Each structure stands twice: as structure tokens, then as C-alpha cells.
Amino acid sequence: MKIYKQICVTLLLLFVFQTLVAQNYDESKTGSYHLPEMLVTSDGKKITSFEGWERIRRPEILKLFEDHVYGQFPRDFDNIDFKITRQDKNAMGGKATFKEVAIKVTRNQNEVTVNLLMFTPNEPKEPVPVFLVINHRGLKTMDITRQNKDGFWPAEEVIDAGYAIAGFDVADVAPDNNDHFTEGILEKLYPGQLKMDNGMRALGAWGWGASRAIDWFEKDESIDAAKIISVGHSRGGKASLWLGVQDKRVAITVSNESGNSGAALSRRNFGETVERITQSFPYWFAPNYRQYANNEDKLPVDQHMLIALIAPRAVYVASAAEDLWADPKGQYMALKAAQPVFELYGINTNLPSEMPEVNQQIIHPHMGFHNREGKHNMTPYDWQQFMKFADHYFHRQ
Ligand code: GTR
């Protein structure tokens, strides 16, 4: 028994060692790479206007991401039904209203329910913007009794700033687990997707869940549905970006430390790689993505193009200085490389060429960025920056 235990510990240590050491963290070893052309169509035409982008190149790139990275994003269902299952107009000592909304979606006689939790400020008495969190950290981080005030979802601070805050557990649509991810919308509503190499998988399902929450916001009179801010951390940040691309009702897309296959450039060999991520989390992506493991140069896209697909709506990318796994610099470079598409819309973002110093937020037209000190997490500090950006973008100061 003892020897068995020792073998297990050694194997585990070896795995951890291999994980940490096999990745590159040396700037001088990121190598040279060539990003795919963003503004040249598949038949070689140069795109010089936002009309051309919207008509030809944007749909091409969107399809490339669907086919090669995240899978399709089905939008059809037979029915959607909303029911307020719990409500407290006197939450947080009277300053907020709490609601739980059961969003039941039916397709071919099968149904899935997404439970949306939300607080809205009681003052002002007018529709407010909402922060919607795609939450993979479980309900404990969104304690509706507010006994447990988790910095991951700092509801009081958000309410005090005059915003609503909402969130749902990703497990409602696709459990975050290789053996169980299908036990949600994939088995019940969209089983055909599971047969396709470019079919939806967990990240897409999480984005889909957020789109159903937005369907509710459009009906909820306490929400200003023109000012929806989607937020996700890490794997949730990847889903937030994909949602921002797919659902134009998102006004600001926030990616917090989404890293590889999120905001970070895949071709920059730094931190997590397509090989690592598709080995550890194959169920997040369309099966086709795996062919780019150790083969990023063959990808027909890179992640700056994902950010560009959100234009002209706003994007906020947050990093943490010690979170090298998520490659803060690679995320900044992707954001900057997305600029030419924003320029087609006359938005001159003009980000500095170098990533800003730690804890120095930058807010430029339709793009914002910060690199917080510390580790991989989403903290009240990050939220303060998101709110500053939203205040600025929505002219709320
Ligand atoms: C890691 C994964 C990252 C990131 C992170 C998280 O293990 O490699 O891509 O998604 O999980 O979600 O916290």
C-alpha cells in the first residue's frame, strides 16, 4: 500500500513538473511567427471598408473559428419560457432586488433550464446596464443570501456603482467535466452537434447559456438591454469572447485572464499551448481543434481575429502579472493586433505598442486593458477596472 502511494505521488509530481517545465516562459524563445491575414479575403481581395468586412471577411473568419476552434453556435429552439422563481425586493439591506429566473428552453420535446441569478439596484429607478458572469466556479461564489461575499462576484460593489449583476452556473448548460459535459444542452437540445467535428462543445454551450440570459434581459424592465456586459474568467473568459463574437447584443465583452484559446495569441509559444489545452480539456472545443496541437502555424486563424470579430463593440482584456500560463503579453498583443478592424469603423484605438505597466489600466476607444499584480483569479480590483471602463464607455461618469 505504502509503495503504491509513493508511486502515485511520484507520478503526480512528474506530471506537475512536466506541465510546468514543458511550457515556455522565456521571451527570447517565443520564436518567429506570421499571423494570418485579417483583412485579405480567401480569394485574395483586400478589405478596406467596414462594409467589405461585414459582408465578406467577417463571415469567413467567423466560420473558420466555428469549423476549427469552438464549433457551431446553434440558435434554433422551439420555445423559451421565463419564470421568476424567487424574488426579494429588499435584498442587501434594501438597496437591491434579487431575482432568480428559470429560463426553460425546449427543442424537439426536450428541455433544459438555465437558472439565472441577479441583483438590480433599487436606485436609480431606471433601467441599468448589467454585468453577466459566465460562472464556472459554482453557485457558492454567487451566494444569494450574501453571507459569503466572494470577490469573484462582488455583488455589493457592483450594485453600489449603479449596475446590475447577474450570473449562471455553467453546469446548467454543460457540466465542466470531460465525462459529463454532454449532460445538458448537447444531449438534450442539440445531440446532432456531438456527431460533428465542427460541432458545439462546452465553451460554445456556455456562451449559448449566456445568450439565453440576454433573451431574459430584453424582457426585464429593470435592465438596459443595450448595455449588456459579458464577463468570464479564464475558461469563462474564453466563453465570454466567443459569446461576444456570436451575440451582437453584448455591448462590452470582458475577458479576464482567458489565456490560450481565449485572448492570447496561439502562435506565440508562451505559457499554455494548443497541445496542452486540447489534451487537458478536449471537451471545450470542436474536435477539429486538436489537429493544431503543436501545429499552430497551420491554424487558419489566430486569437486577435476573434477579438476583431467583436468590432465595433467594446472589448476589455484583463491579465495578471503572475499568471504567465495565460500569457499577459500575448493577450495584449492580440488586442492590439485586432485594431485594424476597429479602424475600419473609424475607431482609432491606438493602443501603446508596449503592454502597460502592472496595475496601469488603459482605456482607449472601444478597448481597455490591465495587467493586475498577483495570480490567476478574478478579484474586486479587476471588477473596479471593468466598472471604470464601462462608466467611460457608457458615458456614466
Ligand atoms: C487551466 C487551463 C486554462 C484556464 C484555467 C481556468 O487549467 O489550462 O486554459 O482555462 O484552467 O479556467 O482557470
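**A walk from Met200 to strand S10**

Met200 is buried, at a relative accessible area of 0%. Buried means under 20%, so Met200 falls under that cut-off. The model is predicted. Met200 sits in the loop that joins helix H4 (185-188) to H5. What does Met200 touch, beyond residues up to four places away in sequence? One group of partners is Tyr70, Gly71, Gln72, Phe73 and Pro74. The others are Ile185, Leu186, Gln193, Ala205 and Trp208. Arg86 lies elsewhere: its C-alpha atom is separated from that of Met200 by 32 Å, with the two positions 114 residues apart along the chain.

Next comes helix H5, residues 202-217. Two packed helices are described by the angle between their axes and the distance between the axes. For H5 and helix H6 (residues 235-246), the axes come within 8 Å and cross at roughly 60 degrees. The crossing is right-handed. On the H5 side, the contact is made by Leu203, Gly204, Trp206, Gly207, Ala210 and Ser211. H6 brings Arg235, Lys238, Ala239, Trp242 and Leu243. By class, the residues of this contact divide into six nonpolar, three polar and two charged.

Now the interior. In soluble globular proteins, nonpolar side chains tend to be buried together. The largest nonpolar core here has 85 residues. Which of its members touch the most others? They are Trp53, Phe65, Leu116, Trp206 and Phe217. H5 gives the most to this core, with 10 residues. Another core, of 31 residues, lies apart from it; Ala96, Phe119, Trp383 and Met387 are among its members.

Take Leu116 from the 85-residue core. Setting aside neighbours within four places in sequence, Leu116 is in contact with Lys99, Glu100, Val101 and Ile103. Its contacts also include Leu132, Ala166 and Gly167. Ala213, Trp216 and Phe217 complete the list.

Finally, strand S10, residues 367-372. Six of its six residues are buried. Both faces are covered. Met367, Phe369 and Asn371 are buried on one side, and Gly368, His370 and Arg372 on the other.

How does S10 pair with strand S8 (residues 314-320), parallel or antiparallel? The pairing is parallel, over six bridges. Within it, Val317 stands opposite Phe369. Strand S9 (residues 362-364) pairs with S10 in the antiparallel sense, over three bridges. There, His364 stands opposite Met367. S9 and S10 form a hairpin with two residues between the strands. In that hairpin, His366 takes a positive phi near 65 degrees.

Definitions and conventions: Residues are numbered from 1 along each chain as its sequence is written. This is a predicted model: local features need pLDDT of at least 70, side-chain atom pairs count only at pLDDT 80 or more; totals for chains, interfaces and linings use all residues. Side-chain values use heavy atoms; hydrogens and water are left out. Axes are lines fitted to C-alpha atoms, for helices over the stretch in contact, and angles run from 0 to 180 degrees between N-to-C directions. Helices (H or I, at least four residues) and strands (E, at least two) are DSSP runs, numbered from the N terminus. A crossing is left-handed if the near helix is turned anticlockwise from the far one by less than a right angle, and right-handed if clockwise. Contact means heavy atoms within 4.5 Å. Ala, Val, Leu, Ile, Met, Phe, Trp, Tyr, Cys and Pro count as nonpolar, Asp, Glu, Lys and Arg as charged, and the others, Gly among them, as polar. A nonpolar core is a set of buried Ala, Val, Leu, Ile, Met, Phe, Trp, Tyr and Cys residues joined through side-chain atoms within 4.5 Å. Buried means under 20% relative accessible area, exposed over 50%, partly exposed in between (1.4 Å probe, protein chains only). Two strands pair if DSSP finds at least two bridges between them.
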